[in-house]
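Biologist: Please take one strand of this model and go through it closely. I would like to know what surrounds it and how it connects to its neighbours.

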Amino acid sequence: MDVNAFVLAQLPPPPARVLEVGCGGGELAQALDAAGYDVLAIDPRAPAGALFRTVTLEELEEPGPFDAAVAVRVLHHVDPLGPAVAKLARLAPLLVLDEFAPERLDAVAQDWYDGQRRVLAATGADPGGPEDLDEWRAAHSDLHPSAVVLAAVRAAFEERLLTWEPYLYRWLTDPASESHERALVETGALPALGYRWAGTAPASGCARGTRAGRRA
Ligand SMILES: C[S@@+](CC[C@H](N)C(=O)[O-])C[C@H]1O[C@@H](n2cnc3c(N)ncnc32)[C@H](O)[C@@H]1O
């Protein structure tokens, strides 16, 4: 399932108000808008347009509430992470994430990625993605590992979904890379470097008490 289909499957049906954090070029925001959602998409690098605002999450002054917040390949960059996730929890009762686990990029994954790039380059295609993963790793040592991101979101939301996914194909230009990486992840030959997560606002203490009272 591609990332837009995953996000759409996690959202309540439209009409609903959705905050997208770290929207990049805006493709997901445009897809959500086309599906009937009321979208605010933020990123310091957001494109111009009615859906977009060129601010960080930290700078955003929009009071909300939103029905959901979505962040695709963003939270592993955000520092400090705890206050940012707490702000998302104040703004929306549902958080949907598509994420990258940089700590899982081991020697086997690196070999596979380098091989895919070599094959693509041999055909004359631009393989996409970083050329040298050792250099890339050294330049991105500040990215949060998945355990840090998951601990932060689990502190503010109740987890309702976590799946581990192939990821490196998203850096590569060849569409066939996805099925190849997925097959190797499924057999355990490659680590899953991506994950998808959704969580909802915790039930209030009052609501929990009410349910417990009903059961008693
Ligand atoms: C890897 S890109 C992903 C972009 C897009 N979501 C995608 O999947 O193509 C990460 C994006 O997060 C944005 N970003 C990083 N920290 C942010 C923050 N604190 N608030 C809003 N956006 C942020 C960056 O500017 C960048 O565009």
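Modeller: The model is predicted. I start at Arg 17, which is found in strand β1. Arg 17 is partly exposed, because 16 other C-beta atoms lie within 10 Å and a buried residue needs 20 or more. Leaving aside residues up to four places away in sequence, Arg 17 touches Asp 38, Phe 66 and Asp 67. Its C-alpha atom is separated by 8.8 Å from that of Ala 69, although the two are 52 residues apart along the chain.

Ala 69 belongs to strand β4, the part I would look at closely. Strand β4 covers residues 68-72, and 5 of the 5 are buried, so the strand is largely enclosed by the rest of the structure. In a regular strand, side chains alternate between the two faces of the sheet. In β4 both faces are covered: Ala 68, Val 70 and Val 72 are buried on one side, and Ala 69 and Ala 71 are buried on the other.

Strand β4 pairs with two strands. Strand β1 (residues 17-21) runs parallel to β4 and is joined to it by 4 bridges; Val 18 has Ala 68 as its bridge partner. Strand β5 (residues 94-100) is also parallel to β4, again with 4 bridges, and here Val 72 is partnered by Asp 98. Between β4 and β5 the chain passes through helix α3 (residues 81-91), in a right-handed β-α-β crossover.

Val 72 also takes part in the ligand surroundings: of the 16 residues there, Val 72 comes nearest together with Gly 22, Gly 24, Thr 56 and Leu 57. By class, that shell has 8 nonpolar, 4 polar and 4 charged residues.

Note on methods:
Residues numbered from 1 in each chain as written. Predicted model: local features only at pLDDT ≥ 70, side-chain atom pairs only at ≥ 80, totals over all residues. Buried ≥ 20, exposed ≤ 12 C-beta atoms within 10 Å, placed from the backbone. Pairing = 2+ DSSP bridges. Right-handed = clockwise from strand over helix to strand, strands pointing away. Near = placed C-beta within 6 Å. Nonpolar A, V, L, I, M, F, W, Y, C, P; charged D, E, K, R; others polar. Contact = placed C-beta atoms within 7 Å.
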